[in-house]
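Reader: I'd like to go through this one with you, feature by feature. Could you show me how to read it?

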Amino acid sequence: MRTSLARLSLIVAFAAAAGNALAQAPAPGAARPEKPAAEGEVAALILAGEEGILSSQMAGKINAIRVGLGDDFKKGAALIEFDCSEQRAQFQAADAEHRAARETHLARLRLQALGAAGELEVTLAAAAAEKARSQVDYRRTQIAYCRVRAPFKGNVARLRVKVAESVPAGQALIDVVNTSTLKAQMFVPAAWVAWLRPGAQLTIHVKETGESFPARVSKMNSRVDGVSQQLEVEARIDKGEGKLLPGMVGAAVFTQPRKP
């Protein structure tokens with residue numbers, strides 16, 4: 001779905017670029033500015049280097065939301081907290097059962113040393129203690145789900161829930177992006193496979209900022225789209241932090257290496 005939306009954005013950008021080109025076309029008979037044949041220009045969609053939609057790993061009521069739209073946060077920060085009074089009570093109960101089972105096992109061992117308990121009793125007590133310990137680990141894991149933590153340093157792009165709202169497990173909660181690194185997604189003609197390689201340099205012109213940013217091809221799809229005969233390409237943008245935002249569309253200009 002994300003790739004389809006990206007492709008749609010690029011199609012819109014291509015259409016806008018074509019309209020501008022027609023509007024700026026010289027009158028018949030007028031001198032046309034020459035453009036180097038070695039250059040190629042395509043639309044480029046600006047994306048965050050890291051982004052994701054964080055979902056609930058448990059069903060419950062949201063107790064607090066620690067960030068707002070556009071706020072920045074550090075890696076590991078608690079973004080959303082659930083009401084986990086029930087989960088904590090279950091953890092305490094499991095911990096108490098584990099302590100009781102462990103004491104029972106130790107008592108069986110002492111009785112075995114005195115010849116008052118058999119091997120089977122000791123084995124069963126050890127198994128009961130191990131089972132109780134696994135329940136403690138399980139309940140501790142459930143408590144960890146009570147806080148939705150940031151997987152990386154970044155900013156809030158969208159809040160999908162509100163405080164006091166009850167959500168099921170798997171519910172999307174918050175969209176996060178890391179704009180400290182930016183990349184551009186492009187669809188180039190399949191014929192460019194003959195010369196385009198990872199590491200190739202390009203320039204991205206962004207109309208909204210009126211600036212140009214150097215970039216370098218970082219990834220190329222391993223297959224060409226059979227319908228459009230285009231190849232998906234990603235490029236890492238240099239010096240775009242603080243000046244570009246994910247979702248902007250620019251024009252990427254490539255320079256084909258000239259043949260000797």
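Author: Sure, and keep in mind that this is a predicted model. Let's begin with helix length: the expected span of a helix is 1.5 Å times one less than its number of residues.

Reader: What span should the 26 residues of helix α3 have, and how far apart are its end C-alpha atoms?

Author: Helix α3 covers residues 119–144, so at 1.5 Å a residue it should span 38 Å. Its end C-alpha atoms are 38 Å apart, which agrees.

Reader: Which residues of α3 are buried?

Author: Buried means under 20% relative accessible area. In α3 that goes for Val122, Ala125, Ala129, Ala132, Val136 and Gln142. Part of what covers them is α2, residues 85–113.

Reader: Now salt bridges. How many does a search of the whole structure find?

Author: Nine. The cut-off is a side-chain nitrogen of Lys or Arg within 4 Å of a carboxyl oxygen of Asp or Glu. Take Glu130 and Arg133, whose side chains meet at 2.5 Å, N to O.

Reader: Why are Glu130 and Arg133 separated by about one helical turn?

Author: Because they sit three residues apart in helix α3. Glu130 is partly exposed, with a relative accessible area of 42%, and Arg133 is partly exposed too, at 33%.

Reader: Which salt bridge links distant parts of the chain?

Author: One of them is Arg160 with Asp175, at 2.7 Å, N to O. Arg160 is in the loop between β6 (154–159) and β7 (166–167), while Asp175 lies in strand β8, 15 residues apart. Arg160 counts as partly exposed at 30% relative accessibility, whereas Asp175, at 13%, counts as buried.

Another is Glu211 with Lys243, the closest N and O atoms being 3.8 Å apart. Here strand β10 (residues 211–220) holds Glu211, and Lys243 is in the loop between β11 (230–237) and β12, 32 residues apart. Both are partly exposed: Glu211 has a relative accessible area of 33%, Lys243 one of 43%.

Back in the Glu130 and Arg133 group, salt bridges that share partners join these two with Asp137 and Arg140 into one network.

Reader: And Thr179 in strand β8: buried or exposed?

Author: Buried, because its relative accessibility is 19% and the cut-off is under 20%. Leaving aside neighbours within four places in sequence, Thr179 is in contact with Asn155, Glu241 and Pro246.

Reader: Last one: how many bridges join strand β9 to β12?

Author: Four, and the two strands run antiparallel. One partner pair is His205 with Ala251 in β12. Strand β12 (residues 249–255) is mostly covered, with five of its seven residues buried.

Notes: Residues are numbered from 1 along each chain as its sequence is written. This is a predicted model: local features need pLDDT of at least 70, side-chain atom pairs count only at pLDDT 80 or more; totals for chains, interfaces and linings use all residues. Side-chain values use heavy atoms; hydrogens and water are left out. Buried means under 20% relative accessible area, exposed over 50%, partly exposed in between (1.4 Å probe, protein chains only). Contact means heavy atoms within 4.5 Å. Two strands pair if DSSP finds at least two bridges between them.
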